[in-house]
Amino acid sequence: MLSKTIESALNDQVKMEAESSQAYLAMASWAENQAGLDGVTAFFYRHSEEEREHMLKLIHFINERGGTAEIPALAQPRKSFANVQEAFKTLYEHELKVSDSINQLVDLALAEKDYATHNFLQWYVTEQMEEEKLARDLNDKLELIGQDKSGLYLFDRDLMGLKPHG
């Protein structure tokens, strides 16, 4: 059985995952309206769906542990970016924020000696390490590319084949 404190914190994480999904969906829509960014578009759509799956995993866990998962209202996500570099910088910053939130949840689970929740959250810890690395690597590539259009073309093409990991 979940404590009310853990239940509330997990529901906060449900909201964060939902916000992540919406933010990446907005990035996908923005990219889809930019000529020639089919790989970037596909990447953000896949990433949005992956975040939704993370949210659903939390919802199921809360409900299975005797809590009540709450489906949150969401604010309008940012809808436009100056360029691809800004969109991916935003992605990276957001993933760092999610990692911090997961780490706080792990701390809370340990403080409350809720080892089942702690164990469940380990998947998210690993997932966030992978998410941060991916976002950092993509930003590093964009830094190398700079304003080179042929480099952006190759980056976009590479993203088309990139498979989600979570």
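# Buried and exposed charges in a five-helix chain

E7 has a relative accessibility of 9% and therefore counts as buried; the term buried denotes a relative accessible area under 20%, exposed one over 50%, and partly exposed a value in between, with a 1.4 Å probe and protein chains only. The structure is a predicted model, in which local features require pLDDT of at least 70 and side-chain atom pairs count only at pLDDT 80 or more, whereas totals for chains, interfaces and linings use all residues. Residues are numbered from 1 along each chain as its sequence is written, and side-chain values use heavy atoms, with hydrogens and water left out.

## Overall architecture

The protein chain contains five helices and zero strands, and its elements follow the order α-α-α-α-α from the N terminus. Helices (H or I, at least four residues) and strands (E, at least two) are DSSP runs, numbered from the N terminus. Along the principal axes, the C-alpha trace spans about 55 × 25 × 25 Å. The radius of gyration of the protein chain is 17 Å, which agrees with the value near 15 Å expected of a compact globule with 166 residues; it is taken over C-alpha atoms, and the globule rule is 2.2 Å times the number of residues to the power 0.38.

Of the 166 residues, 46% are buried. The accessible surface amounts to about 9,000 Å², and carbon and sulfur atoms account for 53% of that area; these areas come from the Shrake-Rupley method with a 1.4 Å probe, and for residues only the protein chains shown count as cover. Among contacts (heavy atoms within 4.5 Å) between residues at least 6 apart in sequence, 80% join residues at least 24 apart.

## Salt bridges

A salt bridge is a side-chain nitrogen of Lys or Arg within 4 Å of a carboxyl oxygen of Asp or Glu. The protein has five by this rule, including those in the table.

| Pair | Closest N to O distance |
|---|---|
| K4 and E7 | 3.4 Å |
| E86 and R78 | 2.6 Å |
| E93 and K89 | 3.3 Å |

K4 and E7 both belong to helix 1 (residues 4–32) and are three residues apart, about one turn of the helix. Whereas E7 is buried at 9%, K4 counts as exposed, at 66% relative accessibility. E93 and K89 are both part of helix 3 (residues 84–111), with a spacing of four residues, again about one turn; E93 is partly exposed, with a relative accessible area of 41%. In the pair of E86 and R78, E86 is partly exposed at 26%, and R78 is likewise partly exposed at 40%.

## Buried glutamates without a salt bridge

Which side chain of opposite charge is nearest to the buried E131? That side chain is R46, 11 Å away, and E131 has no salt bridge. In this assignment Lys and Arg count as positive and Asp and Glu as negative, while His and the chain ends are not counted. E131 is located in helix 4 (residues 115–145). Its side chain does make a polar contact with the side chain of H47, at 2.9 Å. Such a contact is a pair of N or O atoms within 3.5 Å; within protein, one must be able to donate a hydrogen and the other to accept it, and residues adjacent in sequence count only if both atoms are side-chain atoms.

E51, in helix 2 (residues 38–64), is also buried and without a salt bridge; R52, the nearest side chain of opposite charge, lies 12 Å away. Leaving aside residues up to four places away in sequence, E51 touches E17, S20, S21, Y24, E95 and E131.

## Further sites

Y45 is another residue of helix 2, and its relative accessibility of 32% makes it partly exposed. Residues up to four places away in sequence excluded, Y45 touches L25, A28, S29 and E32. Y45 and Q22 are separated by 23 residues in sequence, and their C-alpha atoms are 9.9 Å apart.

Q85, in helix 3, is partly exposed with a relative accessible area of 22%. Beyond residues up to four places away in sequence, Q85 touches N139, L142, G146 and Q147. The C-alpha atoms of Q85 and I145 are 9.7 Å apart, although 60 residues separate them along the chain.

K113 is situated in the loop between helix 3 and helix 4. This residue has a positive phi of about 55° although it is not a glycine, and at 60% relative accessibility K113 counts as exposed.
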